[in-house]
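Colleague: Got a minute to go through the charged pairs with me? Let's have the model up first.

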Amino acid sequence: MARRYALGGDELYLPYVNVFDAESITLCERIAGFLGLDLERMDIHYRLETLQKEEARRAREDSLTGLPNRLALSEFLPGALARAAVRGKALAVCMMDLDGFKSVNDVHGHAAGDILLKELGRRLRNELPANGYVVRLGGDEFVVVLEGLDARQPVPQITKSLDRLHKAVEVPFSVRTDISVAVAMTMGVALYPSDGEKTRLLLRRADEAMYQAKQTRATRSRWWRMVEDASETTHFDAYSPEASALMSRVADVLGRIRSDFIDRFYAGLKEVNDSAQVLSTLTPAEQQRLKIVQAEHIDFLLTAKTTQADVLQTAERLGVVHALCGVDPLQLTEAYSIYLRRLIDLLENTIIRNDERHRILLIAEIRIQDDRRAQLRASQGVQRTYLSRLSAPRPAARTWGLASALEVDALASLPGVRGVLLNRLGCDGELEVVCCAGVVAQAFTQALKQADVQPCVDVFSPLGQTITAKAWRTRERQSCASYALDPQTQVWHEIAEKFGVRSVLSLPLRQPGGQTAAALTVLGAYPNQFESLLMQQFASGLQQRWEQLWQRSHSRETQEVTDLRSRKLRDRLFSGGLVMYFQPVMDLNSGRLFKAEALARLRDVDGEIVPPGVFLPLLGQDEMDRLFHMGLEEGLKWLRRWDAQGLVIGLSVNMPTTYLHNARGPAQVDALLKRHGVAPQRLTVEVLETHEIDTAAQNEAIQRFKAMGVRMAIDDLGSGHSSLLRLSSLPFDVIKVDQGLLRHIRSMPLQIFSVVRSLLDIGADFHDVVVVEGLETEDIIDAMRQLGCQYGQGFGLARPMAPEGLFDWYTQFQVDFKKQSSSLNEIHSDLAALAFVWLIQRGGQYRGSGNMDDCVMARWLLTLGEEGQEAWPWLENLCYSRDAAENARLLLDWLVERIRAAAKRKAVLPHKPEGNRNGS
């Protein structure tokens, strides 16, 4: 007797009874359930895959006609071109639209137009040859692609295929029960590879041929036209009295369509990427003005009185402007194609006799072609002028100053150049103009000075966002397509507008080692002037030319110029031209003046103070040694004068590394110390960190200075030549941390903290004093104090100053410091707060006592109004040691984001740059 078992909703019949016990039935039910789930998943996956395929098909299919759409064409055509290239075949790209379709929509309604298009799609598919592919682009525009054509004689095959395709419109279309309409077709044909090898070019040329075929519709022998046919010239005189009379009769009609034409023309231009890029560099007011000018140009071209000479003269000027705005010949041709197409569209629906419409279009085409050809000639002339500058003979001048001045003058004479500036880095961090030329160069430079907005290299200053500053910092070519639209250059907008500067190009002139020697800045009169491919090639060649000029000038003139400058400097050194400035090195915890670093300046014969970056590289070894002696003696004199005022401090002097080779050096320094009665321990000699200082002779000299009691410092540690071996093997007393380490403290603060703290630990292990340079602002000073830095130097504390003012400055500094001394251990900035939390995470001693009331970080958050906000619970958990590592990480991330956001906000606010904080 059979027995029925129910399993997971299904039934199982067995011929036997009691085959499955309860446990077996449960197991079978579970297996059935799993199988059911898997089958359901498979079913869902199949349905999703089917839906995805259906969506992909719909995305590539025109919803009205069922034909492939524009997306499908963009995927099909590159493959078709590749097949034609591999097989050595020709390929035809045919652009087609309907004649008379607009009247169907206007008279019978859009529903009738849709019926017609749907039926046309069906007929085209039926008449399409096997090697064909038909696409609806939109409206009444279609594309037909014919593959596999004979490369030598493609026309017979094209003719046969298109004759068959024309059958699609030879029978009227029924758009309603009792209404049939007839339409015609016009097609332009472009051949691969003779008319182009790129998809975009073939479509554009087919489009041009189609619209030229439309112009000759009344007289044409066939409904389609090839590119080579469209290029045939006509002998019709578009400037004859007959043509002028016709244009006079239709002047009112043309005036009425002008506004609509302009809107359609610019809508078409915006769909072309390159043209859209040019338009994007114009302000809304400029774009509106351009439309007005364009409308006036249309009136000019189509007015009865316009002569060919007028057209050519105006086109020459416009061609220069277009070339300088970055409109290349291909863009210009494409723009004119849109121009003619829109004009044909509008005239086709204007009440004008057919023969007159044809002649008007012929007149317009000929005049536009004259305009286009003249513009192209002018544009090519501009291009030749720019490129010829790259191959021009180099100046015969032997010195860099004369050679660069001649090159600047020549560059300033190029079309569209308002001015050329040659910049170098000044001692205050500003980029000084050392040479300029051009119609506005001098006035532009003076305006920047008067407004106190000269560019600088400070990355955190808005004045450091100038194109010139970016080129200097990055050592890469920089350009700005539109000063008026660039928010980073806002502080210069008013000045740039005043002097007609619309765009800018800046080239860093790099030395063989990669350092920036100067920056060449070209001010453009037009937007987008330096953005085209041709201008980028010009900029690259110009940069190469100038760098070669710099290297040639310096390699040829180095010896004679060095000798000349050295003689002049020697005369100045021995006749009182050397001026010593002093920059304080401060104890950050006590406010005590630890020492003063002596810094050399040179007062030229005209009274100008020459910074060390200008004259030091020109000095030979003997001049450098002599300069060290003079600077040391001047510093020791002032040390004694300050002693008399009750200011007893140390003196730090930079020693050239070559001086360590001077066998008599230690004895000479000892003699100077004794002559001025200064204990050797008060003198610190700073030796620049370099790969050369570990030679045996220099090591011996350092030991001799140490034996005298003079303290030795390694300067600019971290600038690229250091090693722990050198630090441990040479007996330095002071480590000076290079200011460059702090330049990026706001963009990568945690990495900077790690390096600085490691150097502080190294100094402690070696029993050396560590001085951190580059303390530019109060928040950096607070952060360094939180990290445990005792000694610091930088513009945030004091700039280099004349020795006469040091005592009074220090007196006032002590007064101000005492007012702040009670809050030194407090946190006053996000940067200091970050240093505090970072030390906790790193394992430093936490200053709280498990009570938020005693936590300096909590007091800082209270001043920000952050109590109870996002960061507050993280600090509470940290204070009470609850998941300290994770909460410290959250606080660090929060603070880093605040610091970076503040730096970005600061970068868009105008303020005077504080310059280079290095006291050297």
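Modeller: Sure. By salt bridge I mean a side-chain nitrogen of Lys or Arg within 4 Å of a carboxyl oxygen of Asp or Glu. Keep in mind that this is a predicted model.

Colleague: Fine. So how far apart are N and O in the salt bridge of Glu 773 and Lys 736?

Modeller: The N to O distance there is 3.3 Å. Glu 773 sits in strand 22 (residues 769-773) and Lys 736 in strand 21, so the bridge ties together parts 37 residues apart in sequence.

Colleague: And Lys 736, buried or exposed?

Modeller: Buried, because its relative accessibility is 2% and the cut-off for buried is under 20%. Glu 773 is buried too, at 6%.

Colleague: Which residues are in one network with that pair through shared partners?

Modeller: Glu 597 and Glu 686 join Lys 736 and Glu 773 there.

Colleague: Switching topic: what does Asp 733 form a salt bridge with?

Modeller: Lys 706, with the closest N and O atoms 2.4 Å apart. Asp 733 is in the loop between helix 24 and strand 21, while Lys 706 belongs to helix 23, so parts 27 residues apart get tied together. Asp 733 is buried at 13%, whereas Lys 706 counts as partly exposed at 28%.

Colleague: What about Asp 99 and Lys 214?

Modeller: Their side chains meet in a salt bridge at 2.6 Å, N to O. That one links strand 3, which holds Asp 99, to helix 6, which holds Lys 214, and the two residues are 115 apart. Both are buried.

Colleague: Last one: how many salt bridges in the whole structure?

Modeller: The search finds 30.

Notes:
Residues numbered from 1 in each chain as written. Predicted model: local features only at pLDDT ≥ 70, side-chain atom pairs only at ≥ 80, totals over all residues. Heavy atoms only, no water. Helix = DSSP H or I, 4+ residues; strand = E, 2+ residues; numbered from the N terminus. Buried < 20%, exposed > 50% of the residue type's maximum accessible area, 1.4 Å probe, protein only.
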